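This report describes how parts of one protein chain are arranged. It starts with a pair of helices, goes on to the nonpolar core, and ends with a few single residues.

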Amino acid sequence: MSNLLDLSTTLFLRVNDFARATPWLHAPAVAYAKYGLVVFAALLLVGVWQRRSSGDRELAAAVWAGLGTLLAVAVNQPVASLVAERRPYAAHPGILVLVDRSTDWSFPSDHSVMAGAAAVGLLLVSRRLGAVAAVAALLMAAVRVYVGAHYPDDVVAGLALGAFVAGVGWLLVARPLTWLVHRGRALPVVDRVLAPAA
């Protein structure tokens, strides 16, 4: 375990040196590290929109993609508190940090948990959307290390935890959520919202 932590720290410091040498990358990396959540929110909404006139199970999967992402982030809170790993800038005060310093725990990364869950959730909806979300998730994990907010093991664990919650969660909720979607479609207001455009 200590060897893995040492490797993660070494990789982090190398990425941080790379960040110092690439100031031209700072602005886009910071923008995505801070506001990339909007990309995932948009992809999740597109998933629901695309499946609005599909079968109940397909629409339920699209709904679950969003719910599973929220659940994964909620599950991460006690995990992070239990591990209680300090942020890289707390242990290495001289590093380059491109984002505001946070007082919450570093492992696993909330952003990566969210990204991993959204990617797996969207793979259940559409291969194309899932592939786009997977690329976006890997990019989110990379930039969170680049900007100095997380160690590499923080983001890898985050992606894995998010993917696990979304994937296993769907296996558990697919049947009841499909039933709820079927029942919900019978409501006139829902039917009007989900009706395909003429």
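In this predicted model, helix α2 (residues 26-35) packs against helix α7 (residues 127-146) at an angle of about 115°, and their axes are 9 Å apart. Angles of 65 to 115 degrees count as roughly perpendicular, so α2 is roughly perpendicular to α7. The crossing of the two helices, α2 and α7, is left-handed.

Which residues of α2 meet α7? They are His26, Ala29, Tyr32 and Ala33. On the side of α7, the partners are Ala136, Leu139, Met140, Val143, Arg144 and Tyr146. Sorted by kind, the residues of this contact are eight nonpolar, one polar and one charged.

**The nonpolar core**

In soluble globular proteins, nonpolar side chains tend to be buried together. The largest nonpolar core of this model has 44 residues. Within this core, Phe40, Ala115, Leu122, Val147 and Trp170 touch the most other members. At least two residues of the core come from each of α1 (2-21), α2, α3 (37-50), α4, α6 (110-123), α7 and α8 (152-185). Helix α7 gives the largest share, nine residues.

Val147 can be followed further. If neighbours within four places in sequence are left aside, Val147 is in contact with Ala29, Val30, Ala33, Leu96, Val97, Leu98 and Val99. Another core, of six residues, lies apart from the largest one, and its members include Val113, Ala117, Val165 and Ala166.

**Single residues**

Two residues can be set side by side by place and accessibility.

| Residue | Place | Relative accessible area |
|---|---|---|
| Val63 | helix α4 (residues 56-83) | 29% |
| Ala84 | loop between α4 and α5 | 31% |

Is Val63 buried or exposed? Buried means under 20% and exposed means over 50%, so Val63, at 29%, counts as partly exposed. Ala84 is partly exposed because its relative accessible area is 31%.

Val63 also has a distant partner in sequence: Val63 and Val181 are 118 residues apart along the chain, and their C-alpha atoms are 8.8 Å apart in space.

The backbone at Ala84 has a positive phi of about 55°, although Ala84 is not a glycine.

Another backbone feature involves Pro108, which is found in the loop between α5 (88-91) and α6. The peptide bond from Phe107 to Pro108 is cis, with omega near -10°.

Conventions. Residues are numbered from 1 along each chain as its sequence is written. This is a predicted model: local features need pLDDT of at least 70, side-chain atom pairs count only at pLDDT 80 or more; totals for chains, interfaces and linings use all residues. Side-chain values use heavy atoms; hydrogens and water are left out. Axes are lines fitted to C-alpha atoms, for helices over the stretch in contact, and angles run from 0 to 180 degrees between N-to-C directions. Helices (H or I, at least four residues) and strands (E, at least two) are DSSP runs, numbered from the N terminus. Angles under 35 degrees count as roughly parallel, over 145 as roughly antiparallel, 65 to 115 as roughly perpendicular and the rest as oblique. A crossing is left-handed if the near helix is turned anticlockwise from the far one by less than a right angle, and right-handed if clockwise. Contact means heavy atoms within 4.5 Å. Ala, Val, Leu, Ile, Met, Phe, Trp, Tyr, Cys and Pro count as nonpolar, Asp, Glu, Lys and Arg as charged, and the others, Gly among them, as polar. Buried means under 20% relative accessible area, exposed over 50%, partly exposed in between (1.4 Å probe, protein chains only). A nonpolar core is a set of buried Ala, Val, Leu, Ile, Met, Phe, Trp, Tyr and Cys residues joined through side-chain atoms within 4.5 Å.
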